[in-house]
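Visitor: I should like to examine the structure below and hear the grounds for each term applied to it.
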Amino acid sequence: MSRLYFPKDFIWGSATAAYQIEGAYQEDGKGESIWDRFSHTPGKVANGDTGDVACDHYHRYKEDVELMKEIGLDSYRFSISWPRILPKGKGEINQQGLDFYRGLINELLKAGIKPVVTLYHWDLPQALQEEGGWANREIVKHFVNYAEILFNEFGDVVSQWITHNEPFVVAFNGHGSGDHAPGIKDQQVALQVAHNLLLSHGLAVKKFRELKLDNEIGITLNLISSYPISDNVEDNKAAKRMEDYINGWFLEPLFKGRYPERIVEFYGEKFNNLDIREDDMGLIKEEIDFLGINYYSRSLVRYNKDSKFLGIEGVKPQDSQYTAMDWEIYPKGLYDLLIKLNQEYTQKPLYITENGAAFDDKISEGGGVHDQDRIDYLKAHFQSAYKAIQEGVALKGYYVWSLMDNFEWAYGYSKRFGITYIDYENNQRRILKDSAYWYKNIIVNNSLEV
Ligand SMILES: N#[N+]C[C@@H]1[C@@H](O)[C@H](O)[C@@H](O)[C@@H]2O[C@H]12
């Protein structure tokens, strides 16, 4: 056996999001979010699950920081709930909301764990949705106002800020397919939402710079590696379109100040109808300190002239392994993505802000949770990350998704991504899975045994 040693100051962390773990959905002055409304709408979430209680992190955050300390995390990435801070999305500030996050951050700092805050991880205040939400360009100023409150309140204790988590999913799942909150099914609206999210990001970064804070700011994108099923021209074009649809639509504006031509043509009139103003692309391209990457799997595609989706048909190789989300396990896709980002978009520091897998974890008779499949998944992806670093990619940290099993959006509690098991049947009891102990060893040694 040998060990792969990561760079001396490499950051090992884990990630969560407010709506997925906090619960206390109506407590201490918190306003309603679009996910409160969506999950309470019959038929939207598996088994009628909601985030009303979730993992009860709101009341158990001290216990959860103790778990992070036991695992030995260098850093913890979490999101702040906008409606906990501004119950109506704007106007009056809810001091009890600020107090909760102050308490959490204080516990993290006492434990020597760096706090990394995601400003927006999908739980928009419902009151703003009623004014059009992300489809209404007015939202941009409300997001910047919310961000400025947090910069001023926590700018001296937060290590890094992430403006948005996966704007692709907010736009296209929330406003295109409608399988996420607010459940709108309109591609034209989805495109405008994507633009307004990017614009809100750029203006929040601009505000951050004006405040002259000495921490860092970036954005987190869900990115894939896209491959053609054959080397014929049409399949290759289909793979590029898929990559532009998911990756390029956000990477090109952020780093090149433009939307990807190949997809602009595809969207045609829908793109021409967008409300994009003269200075927008320059504002979106406001320089960031790092890029966050959420990587889970690849896309393998073939051209299909009859396909309603970009002329693309997805392919699932029979000889691959799949997670409980039915996502192909493809660690090489992480390596290929990191190399491509470095070569085609940015040499800025990169962080894997999410990578992990759902498996059907069970409590064993001995009381432990033996998730070797998750250990195997993470080990293979850590190896890909290591290879990319060796080849010059400025990868500075890795956050495993997720610290604990949690509310998996439209799947409810049916999918378990955590390295900590949550026993929903037994008062949300926490049980560190084998993967948590395995991860602890990686962190202590800053190296991977292969
Ligand atoms: N699905 N899935 C797991 C995980 C989800 O739980 C996160 O909230 C998202 O940021 C991203 O989609 C990834």
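Guide: A polar contact is a pair of N or O atoms within 3.5 Å; within protein, one must be able to donate a hydrogen and the other to accept it, and residues adjacent in sequence count only if both atoms are side-chain atoms. The model is predicted, with local features requiring pLDDT of at least 70, side-chain atom pairs pLDDT 80 or more, and totals for chains, interfaces and linings using all residues. Residues are numbered from 1 along each chain as its sequence is written, and side-chain values use heavy atoms, without hydrogens and water.

Visitor: What makes the pair formed by E354 and the ligand a polar contact?
Guide: An N or O atom in the side chain of E354 is 2.7 Å from an oxygen atom of the ligand; this lies within 3.5 Å, so the term applies. For Q20 the corresponding distance is 2.8 Å, and for H121 it is 2.9 Å.

Visitor: Why is the pair F6 and F10 called tilted?
Guide: Rings of Phe, Tyr and Trp (its six-membered ring) pair if their centres lie within 6.5 Å; planes under 30 degrees apart count as stacked, over 60 as edge-to-face and the rest as tilted. The centres of F6 and F10 are 5.0 Å apart and the planes stand at 45°, so the pair is tilted.

Visitor: Why is the pair F290 and Y351 called edge-to-face?
Guide: Their planes are at 80° and their centres 5.4 Å apart, so F290 and Y351 are edge-to-face. The whole structure holds 48 aromatic pairs.
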